[in-house]
Amino acid sequence: MRFSKEDVVGSVFMAFGITLFVGFFYAAILSKLLPPYENRLLAAIQNDWYYCLLVPLTLPVIIVAVYLHWLSMKMFKHA
């Protein structure tokens, strides 16, 4: 079975996205629920609260950006 270049590139992008999602999910949620680590790197990830707050605080910014994009396209269309 032969794969086209688009299939391979798409599979690489999907694997990269899934890997990033799993890593973010671990850093933001799962590491907070596990017992404390002795490893310094894992303990630093566990004690960091930046990524837990990043996604909820990004949602209002996205809503404002979408509204401003819609407004600018509406003005451009009727200008």
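How far should the 29 residues of helix α1 span at 1.5 Å a residue, and how far apart are its end C-alpha atoms? Select residues 5-33 and find out: the expected span is 42 Å, and the end C-alpha atoms are 41 Å apart, which agrees. Keep in mind as you go that this is a predicted model.

**Colour by confidence**

Start with pLDDT colouring. The chain averages 91, and 100% of the residues score at least 70. Helix α1, where most of this tour takes place, has the highest confidence in the chain, with a mean of 92. The lowest is found in α2, at a mean of 89.

**Look along α1 for the bend**

Now centre the view on Y26. Here α1 has a kink of about 45°. Keep Y26 displayed, since this residue returns later as a contact of S31.

**Show the two annotated stretches**

Next, select residues 12-29 and 49-70. An unreviewed UniProt entry lists both under "transmembrane region". What does the model show there? Residues 12-29 are 100% helix and 0% strand, with end C-alpha atoms 25 Å apart. For residues 49-70 the figures are 95% helix and 0% strand, and the end C-alpha atoms lie 33 Å apart. The kink centre, Y26, falls within the listed stretch 12-29.

**Show the rings of F21 and F25**

The structure holds two aromatic pairs. One of them is formed by F21 and F25, whose rings are stacked, at 6.2 Å centre to centre and with 25° between the planes. Turn on the α1 backbone to see how they are placed: because F21 and F25 are four residues apart in this helix, about one helical turn separates them. Add a surface and compare the two side chains. F21 counts as exposed, at 55% relative accessibility. F25, at 37%, counts as partly exposed.

**Find the buried face of α1**

Which residues of α1 are buried? Select A27, A28 and S31. Then bring in α2 (40-47) and α3 (50-77), as the buried residues of α1 pack against these two helices.

**Stop at A27**

Zoom in on A27, in helix α1. Its relative accessible area is 16%, so A27 falls under the 20% cut-off for buried. Leaving out residues up to four places away in sequence, A27 touches K32 and I45. Draw a distance from its C-alpha atom to that of Y50: the two residues are 23 apart along the chain, and the separation is 9.6 Å.

**Move on to L30**

L30 is also placed in α1. Buried or partly exposed? At 34% relative accessibility, L30 counts as partly exposed. A second distance is worth drawing here, from L30 to Q46: these residues are 16 apart along the chain, and their C-alpha atoms are separated by 8.8 Å.

**Finish at S31**

Your last selection is S31, again in helix α1. S31 is buried, with a relative accessible area of 0%. What does S31 touch, not counting residues up to four places away in sequence? Display Y26, I45 and Q46, which are its contacts on that count. Several earlier stops meet in this view: Y26 is the centre of the kink, I45 is also touched by A27, and Q46 is the residue whose C-alpha atom you paired with that of L30.

Notes:
Residues are numbered from 1 along each chain as its sequence is written. This is a predicted model: local features need pLDDT of at least 70, side-chain atom pairs count only at pLDDT 80 or more; totals for chains, interfaces and linings use all residues. Side-chain values use heavy atoms; hydrogens and water are left out. The expected span of a helix is 1.5 Å times one less than its number of residues. The bend at a residue is the angle between axes fitted to the seven residues ending there and the seven starting there. Buried means under 20% relative accessible area, exposed over 50%, partly exposed in between (1.4 Å probe, protein chains only). Contact means heavy atoms within 4.5 Å. UniProt positions are given in the numbering used here, feature names are shortened, and annotations may be inferred rather than shown by experiment. pLDDT is the predictor's confidence in each residue, from 0 to 100. Rings of Phe, Tyr and Trp (its six-membered ring) pair if their centres lie within 6.5 Å; planes under 30 degrees apart count as stacked, over 60 as edge-to-face and the rest as tilted.
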